[in-house]
Amino acid sequence: MALPSACVGRTHDPHLSYSFASVHGDTSCPYIVPMVVSINLLRWRWYGLQQLANGYRSGTTSYVNGNAKWYCSGVGTYTYRGESYHRATVGGTNYVGYTANENRFGC
């Protein structure tokens with residue numbers, strides 16, 4: 001997702017990493033600015049989405065990458081959802097974006 005500031009936010013596919021369900025989110029800009037990425041890892045259950053883990057990364061840079069992971073060994077197969085909120089502060093204005101991605105796999 002491109003923000004009006006020319007910055008771009010992205011949520012990668014949730015995936016199995018060893019015994020963890022994991023998702024990465026990143027924000028990049030063509031210049032160095034204060035930025036934040038906040039990542040949520042969820043899974044679909046019969047009643048809706050279940051929050052599993054979150055992550056956060058910030059810095060004054062042109063690229064920031066964060067991760068959320070949850071130990072999932074032996075829990076079965078689910079559809080996992082990653083959601084990221086992206087914020088870049090350019091010229092005193094906060095630009096905020098949201099991205100999401102889903103993937104189904106077993107742990």
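C107 sits in between buried and exposed: its relative accessible area is 25%, so this cysteine counts as partly exposed. Keep in mind that we're looking at a predicted model here. C107 is bonded to C72 through a disulfide, with an S to S distance of 2.0 Å. This bond reaches between distant parts of the chain, since C72 is in the loop between β4 (48-71) and β5, while C107 is in the segment after β6 (93-106), 35 residues apart. Its partner C72 has a relative accessibility of just 1%, so C72 is buried. As for handedness, the C72 and C107 link is left-handed, with -80 degrees about the S-S bond.

Now for the other bridge. The count comes to two disulfides, and C7 pairs with C29, their sulfur atoms 1.9 Å apart. C7 belongs to the segment before β1 (8-11) and C29 to strand β3 (residues 20-45), so this disulfide ties together parts that are 22 residues apart in sequence. Both C7 and C29 are buried. The torsion about their S-S bond is about 110 degrees, so the C7 and C29 disulfide is right-handed. Number the bonded cysteines in sequence order and the pairing reads 1-2, 3-4.

Let's move on to strand β5 (residues 77-90), where you'll find T79. T79 has 17% relative accessibility, so it's buried, the cut-off being under 20%. What does T79 touch, leaving aside residues up to four places away in sequence? The list is L42, R43 and W44, plus E102, N103 and R104. With R104 there's also a polar contact of 3.1 Å, which joins its side chain to that of T79.

Notes:
Residues numbered from 1 in each chain as written. Predicted model: local features only at pLDDT ≥ 70, side-chain atom pairs only at ≥ 80, totals over all residues. Heavy atoms only, no water. Helix = DSSP H or I, 4+ residues; strand = E, 2+ residues; numbered from the N terminus. Buried < 20%, exposed > 50% of the residue type's maximum accessible area, 1.4 Å probe, protein only. Polar contact = N/O pair within 3.5 Å; in protein donor to acceptor, adjacent residues only side chain to side chain. Contact = heavy atoms within 4.5 Å. Disulfide = S-S within 2.5 Å.
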